[in-house]
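Trainee: Before we begin, could you take me through this one slowly, setting each value beside the rule it has to meet?
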Amino acid sequence: MIGVLVSGTGSNLQALLDADLPVSAVASNRRAAPALRRARSLPTASFELADYPDRVARDLAMADWLLERGARLIVLAGYMHLLTPAFLERFPDAVVNVHPSLLPDFPGGHAVDDQLTAGVGESGATVHLVDDGLDTGPILAQERVPVRADDTSETLHARIKEVEHRLLPRVVGELCAR
Ligand code: GRF
């Protein structure tokens, strides 16, 4: 069973649900994340940092909640906080992230803008296992996306997301079948 972590619009969560993958719960660090509304009848919960003494306490509460709902594989689908080792230790080698660049190039929360600023001719989408670094961890799949001369952050990100919506469900499906 899969637990999905979201912070934003949740189009990657939608892709996982549309692929009929066994998602058992959806959690967020933001109570107002629009992605939570996509979960429909699935259990959802938000774990805002301000409600806990520190990040470790928040991450442990979130990990326990996910484990109680049967999640054994965790997918970060636009989850915008770094996870502490305390969380990762609960799901060894079983936390996956999707990122809008050809990692290890352009890690971090502004990858699309950073690529446009750098003037790269090629971008991409990466699915990788999560470790305690920022968008580090073994790469599971990667696909290239062309950058056009007239691209804005929005147009480039939309083209990358089209690839993410194929790549992420494929890799997650493979991991579920292990
Ligand atoms: C995606 O581009 C993903 O690569 C990045 O955050 C974005 C999330 O988009 N980590 P969405 O919330 O799934 O629409």
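Trainee: In which loop is Asp20 found?

Mentor: Keeping in mind that this is a predicted model, Asp20 is found in the loop between α1 and β2 (23–28). Its phi is near 60 degrees, which is a positive value in a residue other than glycine.

Trainee: What makes the contact between Thr9 and the ligand a polar contact?

Mentor: A polar contact needs a pair of N or O atoms within 3.5 Å. A polar side-chain atom of Thr9 lies 2.6 Å from an oxygen atom of the ligand, and this distance is within the cut-off of 3.5 Å, so the pair counts as a polar contact. The ligand also has an oxygen atom 2.7 Å from an N or O atom in the side chain of Lys161, while for Val98 a backbone N or O atom lies 2.9 Å from a nitrogen atom of the ligand.

Trainee: How much of the ligand's accessible area does the protein cover?

Mentor: On its own the ligand has 370 Å² of accessible area, and the protein covers 92% of that.

Trainee: In which pocket does the ligand sit, and which elements give two or more residues to the shell around the ligand?

Mentor: The ligand sits in the largest pocket. The elements that give two or more residues to the shell are α1 (11–18), β5 (95–99) and α5 (153–176), and among these α5 gives the most, with three residues.

Trainee: What classes of residue does the shell around the ligand have, and why does Gly8 count as polar?

Mentor: By class, the shell has two nonpolar, eight polar and two charged residues. Gly8 is one of the residues around the ligand, and glycine is counted among the polar residues, so Gly8 belongs to the polar class.

Trainee: Why is the pair of Phe47 and Trp65 called edge-to-face?

Mentor: A search of the whole structure finds two aromatic pairs. The ring centres of Phe47 and Trp65 are 5.9 Å apart, within the limit of 6.5 Å, and their planes stand at 65 degrees, over the 60 required, so the pair is edge-to-face. Because Phe47 lies in the loop between β3 (44–46) and α2 (55–68), and Trp65 in helix α2, the pair ties together parts that are 18 residues apart in sequence.

Trainee: Which peptide bond is cis, and where is Pro104 found?

Mentor: The peptide bond from Leu103 to Pro104 is cis, with omega near 15 degrees, and Pro104 is found in the loop between β5 and α4 (111–118).

Conventions. Residues are numbered from 1 along each chain as its sequence is written. This is a predicted model: local features need pLDDT of at least 70, side-chain atom pairs count only at pLDDT 80 or more; totals for chains, interfaces and linings use all residues. Side-chain values use heavy atoms; hydrogens and water are left out. A residue is near a molecule or strand if one of its heavy atoms lies within 4 Å of it. A polar contact is a pair of N or O atoms within 3.5 Å; within protein, one must be able to donate a hydrogen and the other to accept it, and residues adjacent in sequence count only if both atoms are side-chain atoms. Accessible areas come from the Shrake-Rupley method with a 1.4 Å probe; for residues, only the protein chains shown count as cover. On a 1 Å grid over the protein atoms alone, a cavity is a set of points where a 1.4 Å probe fits but cannot get out, and a pocket is an open set with protein on both sides within 12 Å along at least five of seven lines; lining residues have an atom within 4 Å of a point. A molecule sits in a cavity or pocket if more than half of its atoms lie within 2 Å of its grid points. Helices (H or I, at least four residues) and strands (E, at least two) are DSSP runs, numbered from the N terminus. Rings of Phe, Tyr and Trp (its six-membered ring) pair if their centres lie within 6.5 Å; planes under 30 degrees apart count as stacked, over 60 as edge-to-face and the rest as tilted.
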